[in-house]
Structure formats: C-alpha cells, structure tokens
Amino acid sequence: MSQEVTNNGLHDDDTEWQDLKLPDLLLHSEVIRQVHATIEREWNFLQRSACQTAAGRALWKHVIHDPLAYLLAGETYLRSLHEKMKKDRLNNASETSGVILAVRTLWFDSRLEDTLNSPNGRQAQVVLLGAGMDTRAYRLSCLQESDVFEVDFPGVLQVKTTILEAAKESTNESEQILSKAKSLTRVAADIRENDWLEKLRNAGFLPHKKTIWILEGLLYYLTHSQAMQVLKILANKCCVTHTVLLADFMNKQSTTMSNSAFQFYSDWPDQLLPSIGFTHVRLSQIGDPDAHFGLLSDPLNLFNKLRSLPRSVETHPDDGTPCCRLYLVEASGSPEQNATPNGSMTL
C-alpha cells in the first residue's frame, strides 16, 4: 500500500501511532535516563516546552527527519503526545495532536532554506534564540556555509550537550551527531536579561555580518516589555546589516489558553514589525498555502475554520470559542532600506 497522508495528517499504513517504539539508547543509557529524570524533577514549564517540541518532531517523523528528537524529548513527553495522537487517530479527528508543531517546524525549515539560498542570504549567520532542543544544525544541509549560534539557559544547553555526547559514544547513533553547519556554537544566556547580545558577540557572533534570527516558540513566553526589547534589538540590526527574522506570534485570544505560561501577544505582527524598523514583512497562518505541507486536508479542521474568518474576529460565530491564532512571520531589513529612524508601537 502506498503511503498517503489522510485528512488528519497521518499515513494510512503508518503503525507508529498504534505502537510507540522508543530507541534503545533512550531506554538503556543511564546517562540519558538520569538527565531526563532531572528534567522532570527540576525544570519549569518554559524549559520543559523544549522537550515537548522535540516530541512533536519525533512523532511526526513521516514528514520531519530528525533522528535525535527521540533522545532529546525523553520518554515522558513522547508517551504523552503519542497517547493524544493515538486517541485522535482512533476518533478520526479532523486534526491530530502535534500537527501544529509539525507545520511550524516545516515552515521554519523551508523559510530558512529559501533565505540561505537567496542572493542576500548566502553564508549568513544563523542565530536561534531560545534554541532549546533544536537540531537544525544536525539535520539541515542548507547550513553548510553558515555559522550557527544556539542561545538558551545554561542548564538547557548543558542537558542538551550531555544527551548528544552520550549519543555520540553509541556506535548506533554516532553518525547522527555530526553538525552539518559550518560551525555550531552554544551560548549560555537568558534573553530576558540585558547581557545576552554581549555574550553572543563574545562567542564569535559578528554584528556586521548578515544574519538570520530564528525565534521559534519563544516570544509568547516573554512579558510584553521583554519581547519588545528583543524585537527592537533585532530591528536595530537592520540599520547595520541585512537582517532576517523568522518568528511565530500568538494573538491575544491564544494567551487565554494558559494564563501562567503565555504572556506576549500581537494581533497584528505585520503592523508591529514595520513600526520598529523592519521593511518587509510576510505573514502566514497555519493552513495557508505556504504553511500547510499536506497535513491539513480536512476542510473542517480548526485552522481552516479560523482562516475563513477576518483576523479581527475574536470569537467563532458558530460556537463562541476564542479564535486562537498562531502567525508565522518572516521580516527583513537592511541599511539601504532603513533610511529612517525606527518607530515605536504600543499594543
């Protein structure tokens, strides 16, 4: 039987949703098991979100090739998402748990690759803020001419390094632990503080070299002032060198999903970013032609229902539920385009 993606994004003959097969290294490496026990015991919600994202990449492996994701996610988060996916599959749900993570990952991958292959993007530095368990440096060949910097909490980067080193020592996994990037540097810093950019420079980041900034699954965990400070710092880079921002934004309704976790929002990021210095902004929603990837075929899925409504509508007229939207945004600017001072905006 040929593998065809069904309406809920899984393959008809994909049995992974029925039986979760964990890699031997995750089950039997004492080092990796101890690391994940520490994560369960000590990490907060924000830090653990890195493992949840890795679980999404692992379990949507029919569209995302990321062999390291299983090890970085850990058994707890893999089993949790797997159970949700299995339930959705058995119920023939219109969208399957984790699909938003799969689409988001594929969108960032495709935009990064297209940017690096463009005349302005070749050999650009790539900085991942709040990198978490990201593995792009290991799985994307388009980074072969780029210096990659991963910025995150010291504890997160240390755990990630420990897991990857343990995998490197395994004869079965060692081939996967080879960076495809020109160079990979991890920078321990808290972007909520004022010294993260200085730490990045000290690690070898070149301020005047064209740069692609990746902020995936990050901004909405920050306060309004923290998020705006980061965005303005990046916008100011447009006056120095060609600068590209790839980021996702929640709208206000989305922050109601978890009052303790999500804080920053923007209902109109395509207006916000030009106001602080970016000159070109392109916005997509999950399910748009460039943010679909064949995973959202059911016309009744949540994302298609939202896309049919004006962005100003806050509650769905059919059932009164909040219109929770996730915007995928690419913005750019360069010195020749930024001849006027940056503006400011209050949401």
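Student: Which residues form one aromatic cluster here?

Tutor: F45, Y220, Y221 and F262 form one aromatic cluster. Keep in mind that this is a predicted model.

Student: What makes the pair of Y220 and F262 edge-to-face?

Tutor: Let's take the centres, then the planes. The ring centres of Y220 and F262 are 5.7 Å apart, and rings pair if their centres lie within 6.5 Å. Their planes stand at 85°, and planes over 60 degrees apart count as edge-to-face. Both conditions are met, so the pair of Y220 and F262 is edge-to-face.

Student: How do you know that this pair links distant parts of the chain?

Tutor: Look at where each ring sits. Y220 is in the loop between β4 (211-215) and α10 (224-236), while F262 is in the loop between β5 and α11, and the two are 42 residues apart. Y220 is buried, and so is F262.

Student: How many aromatic pairs does the structure hold?

Tutor: There are 9 aromatic pairs in the structure. Another of them is W107 with F108.

Student: Why is the pair of W107 and F108 called edge-to-face?

Tutor: The reasoning is alike. The ring centres of W107 and F108 are 5.0 Å apart, and the limit for a pair is 6.5 Å. Their planes are at 85°, and over 60 degrees counts as edge-to-face, so that name applies to W107 and F108. Both W107 and F108 are buried.

Student: F262 makes me curious about its contacts. Where is S254, which touches F262?

Tutor: S254 lies in the loop between β5 (243-250) and α11 (269-276). Leaving out residues up to four places away in sequence, S254 touches F262, C324 and R325.

Student: Why is S254 called buried?

Tutor: S254 has a relative accessible area of 2%, and buried means under 20%. The value falls under that limit, so S254 is buried.

Student: What makes the link between the side chains of S254 and N251 a polar contact?

Tutor: The side chains of S254 and N251 come to 2.7 Å, and a polar contact needs a pair of N or O atoms within 3.5 Å, one able to donate a hydrogen and the other to accept it. The contact between S254 and N251 is counted as polar.

Student: Why does Q47 count as buried?

Tutor: Q47 has 16% relative accessibility, and the cut-off for buried is under 20%, so Q47 counts as buried. Q47 is found in helix α3 (residues 45-59). Apart from its neighbours within four places in sequence, Q47 is in contact with E42, F153 and V156.

Student: Why does T76 count as partly exposed?

Tutor: T76, in helix α5, has 41% relative accessibility. Partly exposed lies between 20% and 50%, so T76 belongs there. T76 and A55 are 21 residues apart in sequence and 9.3 Å apart in space, C-alpha to C-alpha.

Student: What makes G155 partly exposed?

Tutor: G155 has a relative accessible area of 37%, which is between the limits of 20% and 50%, so partly exposed is the right name for G155. G155 is found in helix α8 (residues 154-168).

Student: What makes the phi of N92 worth a remark?

Tutor: Most residues other than glycine have a negative phi. N92 has a positive phi of about 50° although it is not a glycine. N92 sits in the loop between α5 (75-90) and α6.

Student: Why is N92 called exposed?

Tutor: N92 has 58% relative accessibility, and exposed means over 50%, so N92 counts as exposed.

Student: Why does F293 count as partly exposed?

Tutor: F293 has 34% relative accessibility, and partly exposed covers what lies between 20% and 50%, so F293 counts as partly exposed. F293 also has a positive phi, of about 55°, although it is not a glycine. The place of F293 is in the loop between β6 and α12 (302-307).

Student: Which residues lie nearest the centre of the second largest pocket?

Tutor: N120, H242, V244, E330 and S332 lie nearest its centre, out of 16 lining residues. By class, that lining has 3 nonpolar, 8 polar and 5 charged residues. About 220 Å³ of space lies in this second largest pocket.

Conventions. Residues numbered from 1 in each chain as written. Predicted model: local features only at pLDDT ≥ 70, side-chain atom pairs only at ≥ 80, totals over all residues. Heavy atoms only, no water. 1 Å grid on protein atoms, 1.4 Å probe; cavity = no way out; pocket = protein on both sides within 12 Å on 5 of 7 lines; lining within 4 Å. Points joined across faces, edges and corners; volume = space filled by probe spheres on them. Nonpolar A, V, L, I, M, F, W, Y, C, P; charged D, E, K, R; others polar. Helix = DSSP H or I, 4+ residues; strand = E, 2+ residues; numbered from the N terminus. Buried < 20%, exposed > 50% of the residue type's maximum accessible area, 1.4 Å probe, protein only. Contact = heavy atoms within 4.5 Å. Phe/Tyr/Trp six-rings, centres within 6.5 Å; stacked < 30°, edge-to-face > 60°.
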